[in-house]
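Colleague: Could you take me through the salt bridges of this model, one pair at a time, and say how buried or exposed the partners are? I would like a careful account rather than a summary.

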Amino acid sequence: MFSSPCGTRVNAVWTLRSFLNTDTPFLAKLWHDHHAAFHSQSACPISVWDQCILSKPFFQRSGLVLATNQDRVPVGFIHFGFASNADGSDASDSSAIVHKICIAPGVAEDAIAETLIEHALKNLRSQNATNCTALGTKELNAFYLGVGEGDNLMGVIAKDVRTQRWLSKAGFTPTRPTECWELDLSSFRPPMDRTQIGIRRTCTVGRLLDEDTHEWWLSSVLGHCEQIRFNLVLRSPPKVESEIMFWFPDPTILGVDSSVVRLWLPNAPETEEARERFVYLMAESLRQLQQERRRAVRTFASADQQLSVSLLQRLGFSSVEHGLVFAREL
């Protein structure tokens, strides 16, 4: 994007430039300062930047832009690019995303954010992007899964009012609310009624031995994570009806929370009979995770997934955080 490491001066105070390999300590500090401003404990230390973000095969340094002051000290950064396509198999060629924006708190934070967002949108338009989302959803994601607030799957969390203000000023509007749901596995009890007892006689739940997906995009996005998959098999005639996937950051990576297992929540089946079988698949999967002494399971849902939300509540999940997905046309 820039022809020189010195970058492009946008005014007498700030200079914009692309990421350099020596920037990870600055990125870690900006992340900390930005989140501390709204009393968040979220952290992204140097080890996480190196192993979970910068190592992604689709990472482009031109999409990670820093604003520096007159002393060449970074005062903010924005990370932008393209999200996944409709079926999640590859990167989109039109749907852009602001993955993350962090600004050091101060009197000029709004002006710095405006400059960075304006630069990102101009760059994305030049690459023929037609729309842009912030900061990430289950359907549109590429970075910071298991790292950012809400695992970067629920847009902007409610308490991050600074980022919401910056996006609104840049023309982004809230498109849908999101919610984080969590289950304490130590207290989990599978739902048991006549319907569930009948399903247990006609179906079985198995754990897939080959737990890596064959879709390269999702494999790359979750490259710093381990995956666990379960499927529901009808006994007569034998048939795989549905599958669910759990994931968690690699425990060997220092600085990420691997104690909470994340559920990649699919849409609930349309028919009541299929939903009851899906409840059984969920319950048996959670029971197996409980036996493995996993601490908790977390997942995310949006306002248009009411059937899924009802199933989560039935299984004992509780709402722990709210967010907003922001988007705009380019």
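Modeller: The side chains of aspartate 193 and arginine 314 come together in a salt bridge, with 3.2 Å from N to O. This pair joins distant parts of the chain, since aspartate 193 lies in the loop between β8 (173–184) and α5 (194–202), while arginine 314 belongs to helix α8 (residues 306–314), and the two are 121 residues apart. Aspartate 193 counts as partly exposed, at 32% relative accessibility, and arginine 314 is likewise partly exposed, at 32%. Please keep in mind throughout that this is a predicted model, and that the pair just described is one of 19 salt bridges that the structure holds.

A second pair that links distant parts of the chain is formed by glutamate 109 and arginine 165, whose side chains meet in a salt bridge at 3.0 Å, N to O. Here glutamate 109 sits in helix α3 (residues 109–126) and arginine 165 in helix α4 (residues 161–169), with their positions 56 residues apart in the numbering. The two partners fall into separate classes of accessibility: glutamate 109 counts as buried because its relative accessibility is 11%, under the 20% limit, whereas arginine 165, with a relative accessible area of 36%, is partly exposed. Nor does this pair stand by itself, for Glu109 and Arg165 belong with Asp110 and Arg162 to a network of salt bridges.

The third pair to consider is aspartate 23 with arginine 17, whose side chains form a salt bridge of 2.7 Å from N to O. In this case aspartate 23 is buried, with a relative accessible area of 1%, and arginine 17 is buried as well, with a relative accessible area of 8%.

From aspartate 23 one can read on along the numbering to helix α1, which covers residues 24–36. At 1.5 Å a residue its 13 residues should span 18 Å, and because the C-alpha atoms at its ends are 18 Å apart, the expected and modelled lengths agree. The buried residues of α1 are Thr24, Leu27, Ala28, Leu30, Trp31, Asp33, His34 and His35. As a general point, an α-helix has 3.6 residues a turn, so residues three or four places apart point the same way. The buried residues of α1 pack against the helices α2 (46–53) and α4, and against the strands β3 (64–68), β4 (74–84) and β5 (91–103). Helix α4 is also where arginine 165, the partner of glutamate 109, is found.

Key: Residues are numbered from 1 along each chain as its sequence is written. This is a predicted model: local features need pLDDT of at least 70, side-chain atom pairs count only at pLDDT 80 or more; totals for chains, interfaces and linings use all residues. Side-chain values use heavy atoms; hydrogens and water are left out. A salt bridge is a side-chain nitrogen of Lys or Arg within 4 Å of a carboxyl oxygen of Asp or Glu. Buried means under 20% relative accessible area, exposed over 50%, partly exposed in between (1.4 Å probe, protein chains only). Helices (H or I, at least four residues) and strands (E, at least two) are DSSP runs, numbered from the N terminus. The expected span of a helix is 1.5 Å times one less than its number of residues. Contact means heavy atoms within 4.5 Å.
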